[in-house]
Amino acid sequence: MLRKTLTYALLLFLLQSGGLSAQERPGSSVIEDPYTAFWQGNYANFRLSEKLIWHGELHLRSTDHGNTPYIGRMGKIYNRHGLKYLVNERFTATLGGVLRFNFSPDPGNSEYRGMVLEPRIWHQYKFVQPFDRLMVYHRFRFEHRWSRSNLKGADWIYRNRWRYKFQMKYPLNEKKLVPGAYYLSPDVELILQTGDPVVDSPVEDLRLFPHVGYVYSPKLSLGAGMMYTTGQTLDAGYRYSSRWVFRFNLYWSFDMRDRDR
Amino acid sequence: MAFSLRALLIPLFSSFLLFFLPITLLAQETELYEGTFSLKGGVKGQGLYDYYVKDGDSVKDGDFRFHTSDREGGDGGPYYGMKLSGDHDEGRMDGDWEYVHQRLLPTGEGYIQGRRIVHDSKGKEYKISASFENEKADGTWTAIHYTVEGSEPLDTLFRSRNRFDEGDLRGPFRAHSKRRVAEGDFTEEGTLKNEWRVQHLQDDEDTLAEVRDYENGVLKEHYILQNGDTIELKGLSWGDEGGEREEVPMDAKYMKALLHSNSLNMGQKEEGVNPEELIENSNRFLERSLYAFSSFNGQEVWQLLEGNEELPLPKVRVRVFPYSADEKEELERIAELLERNEELFQEHYENPQVDVGRHSNEEVSFLYEVLDRYKQGNEELKKTHELLSDSSFLYIDRDAVRGKLIPRVSYPDSLAFEFDGEEMRRPYEFPSGIPDSEEGLDSVRTHLKAIQEDLERIGKELDRILEKFKKEDLLAEKEGELVKRRDSLEGLYSEGNGKDTLNSYQKQLAPTIREFYKERFESYAELGLEEKIERVDELITCYGEGIELYHGLEELPEEVKKLDERYTRSTWNPIHFTNMDERVKKDLYEAFEEELMPYLVEDLKSSLECGKIKSKGSNFGVLLQRMIDLRTQETKVLEKRIKKADDPEEIISIMDLGVDID
């Protein structure tokens, strides 16, 4: 299943990349100056039954603006929800929807809408490789997104996102990821995109996010770190955006089952 | 005409028939019995006698022979034999009779005689040669005791000879043994007359005899002849004074009375002769000699045969002093007091604990000495009572002799005694004794009563002291146990010295517990004996509680761990894909862990008290059990209340814990 998806993605990538923009193409890639952002992510799992978990995320993302880095203006508010199926303790599959609020890149500028919505359908497949102490996670996420720019009069575009995240968690002060454990987590995600609008920029984002985490309790873990991302811009594949994002995440896990407490 | 024999024979024969036929017609037909026969008293042997049957009874008539023999102690033991033989005339002993008693051992090699194997013998034989007329002793009787050697009589040990006439003694009487010779005479009435002399043969040429001179049964003179010298004997109230006299047998009672009356009148004894001893020896010899005709070794002889009466004893005439009712009553009361005092002596003086205790306790040693003093006095009074109650004193004027019989009793103001190797002396208030002037039995009774009362008081005191000994012994034993427990507890609640570490609960409590018990022990040590006896058990139990608490606390961490596991749930975490333990009923468990357990520990520490330690220790168990019970119950409401509670006591109330807290 996974192999087919990857093959399809690769083919799609090759097909899409076949047609180059008619614009002038510079001789080398252009890396844009990085901007800064601050993401505060809340990841919640609500266990509904033995096999079903409600997956909910709420991200508050700010970005630099003017002379203010990281938190110059509100960037996005992310709402991701889905129903997760626990195949077994090493593999889960989730299906749900996203509604992202994208705020004006230039607040006050009348050319921009103050906020536009971005709905998505997403599904992901996550499995884990447990070692003696180390945990390795593989997450395959697929998103089908409808988006438009904040510019007034912009049209909706449809794209598909193909995401693979490789993550490790290594507990530092405990032998396992148990309450009280600090862990080191290298985290790399490659996001590919396809769709009619994607001409020469299949690599939407490569995210490098090494961070540290702390398991406070079975219900709450925390993580923080600095992420560097880079990716091709949609309108010019030779142009790469880059940003430094400070991320602070809270991971919640609730058991909603009516059982022996 | 020629002499005709035929003519003579006919009248002769006719005369014969005429003479003898009635006789033969009148005479009974006797039969002979030969077989086992029992004399009176169950003496069994072989009998051979003639008898006839009249009115269904067999009547002995003619020759009678009885013999029995036995062997004592199996092989090697002596043979005993007895023979009785004589004639009966229509059931009555008549004619010569003989009694023989033998104690023989076989000697030498046996030989065959007929079909028997026969031995010679050695030993002793006793023989009474008697004669009866119409069952009454009549004629000269002898009793002889001699040794046997080689089956033949060898040496006469004793011989007594007397004449009887129709059952009465007539004399002259003579008896002799190896050491004594007695002679005397009787009146026609069978009373003693003239001199009765008992000669006591000496080893050397000295002569010694006791002489009793009687006139018609009345003792007129009594003296000792020693080497020609006369020593007068004046028995108290026994003189030749006048007064009515009664005829009494010269039996043991009379002999004793003679002895006592002289003993009471003894002054300083003459050197070389002891009149009391002499009289006693004479009495014994006379008794033996006079009874020799009717008994041997305490067994009656002639009464072994049915229908025979005792042989008469010689008679004397004495004054008789019957006991008055008052006298009897006094003697009875004295007897009761003496018996009671004897019981008290047995209870206290002969008590092994007292005997042991007097070596370790001064008071007991002293009281033992007092008892000993009383015992001596009591013994003297007992002898007095025995004498005065003796039947022989019927012949003694007790009013005249009582003063001599009643001992003078006096007591010192203080008593010496030995204790712990030291000679000591202590004053003691004895009762007033019996002064010289007292001659009445009431003085004896009163004094015995005073002794009894003091004995009872002393007895109670000894009981109290001995009880204390017992308690002290018991206390020593218990204190041994106490010290053992103390050492055990101190060892348990201390750390180091190779001992396993105390767990957290034990560590928290150890200093307080050590201090608590140290104070208890020191307080106990300062107590007096009686208080210690009262308290030792309680303290032993208290130490037991402390030891039990230690062991209970030892298990506590494990129990808490088990509870922790009960209150822990392992859940799969979807964020990290791992199983994580999470606390269930978090508020409840936190209340248990952070509020209640520390509270109970503090409560135990602050309210340590003997008798309550166990209950306080069990509080932990109560709490744990309640937590176990709540694990499976719905506790949302409870937890909400617990969360709002201000202090552990409120939580205890909310949880409805039945713990013992102060």
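Lys518(B) is partly exposed in this predicted model, with a relative accessible area of 44%. Its partner in a salt bridge is Glu522(B), and the closest N and O atoms of the pair are 3.6 Å apart. Glu522(B) is also partly exposed, at 40% relative accessibility. Both residues belong to helix α9 of chain B, which covers residues 504–525, and they sit 4 residues apart, about one turn of the helix.

Helix α8 of chain B, residues 441–492, holds Glu461(B) and Arg464(B), which are 3 residues apart, again about one turn. The side chains of Glu461(B) and Arg464(B) form a salt bridge with an N to O distance of 2.7 Å. Glu461(B) has 22% relative accessibility, so it counts as partly exposed rather than buried, the limit for buried being under 20%. Arg464(B) is partly exposed as well, at 48%.

A further salt bridge in helix α8 of chain B joins Glu481(B) to Arg485(B), with 3.0 Å between the closest N and O atoms. These two residues are 4 positions apart in the helix, about one helical turn. Glu481(B) is partly exposed at 29% relative accessibility, and Arg485(B) is partly exposed at 26%.

The salt bridges described here, together with one between the chains, are listed below.

| Residue | Partner | Closest N to O distance |
|---|---|---|
| Glu461(B) | Arg464(B) | 2.7 Å |
| Glu481(B) | Arg485(B) | 3.0 Å |
| Lys518(B) | Glu522(B) | 3.6 Å |
| Lys219(A) | Glu582(B) | 3.3 Å |

Over all chains, the whole structure has 59 salt bridges. The count between chain B and chain A is 1, and Lys219(A) and Glu582(B) form a salt bridge, with their closest N and O atoms 3.3 Å apart. Across the same interface, 7 residue pairs are in polar contact, both residues of each pair having pLDDT 80 or more. On the side of chain B that touches chain A, the elements giving two or more residues are β23 (568–573) and β24 (578–583) of chain B. The largest share, 5 residues, comes from β24(B). By class, this side of chain B has 6 nonpolar, 5 polar and 6 charged residues.

In terms of contacts, 17 residues of chain B meet 31 residues of chain A. The two chains bury about 2,000 Å² between them, and carbon and sulfur atoms give 55% of that area. Ile575(B), His576(B) and Phe577(B) together supply 35% of the area that chain B buries against chain A, more than any other three residues.

How values were computed:
Residues are numbered from 1 along each chain as its sequence is written. Chains are lettered from A and ligands numbered from 1 in the order in which they are written. This is a predicted model: local features need pLDDT of at least 70, side-chain atom pairs count only at pLDDT 80 or more; totals for chains, interfaces and linings use all residues. Side-chain values use heavy atoms; hydrogens and water are left out. Contact means heavy atoms within 4.5 Å. Buried area is the accessible area (1.4 Å probe) that two parts lose on being put together, summed over both. A salt bridge is a side-chain nitrogen of Lys or Arg within 4 Å of a carboxyl oxygen of Asp or Glu. A polar contact is a pair of N or O atoms within 3.5 Å; within protein, one must be able to donate a hydrogen and the other to accept it, and residues adjacent in sequence count only if both atoms are side-chain atoms. Ala, Val, Leu, Ile, Met, Phe, Trp, Tyr, Cys and Pro count as nonpolar, Asp, Glu, Lys and Arg as charged, and the others, Gly among them, as polar. Buried means under 20% relative accessible area, exposed over 50%, partly exposed in between (1.4 Å probe, protein chains only).
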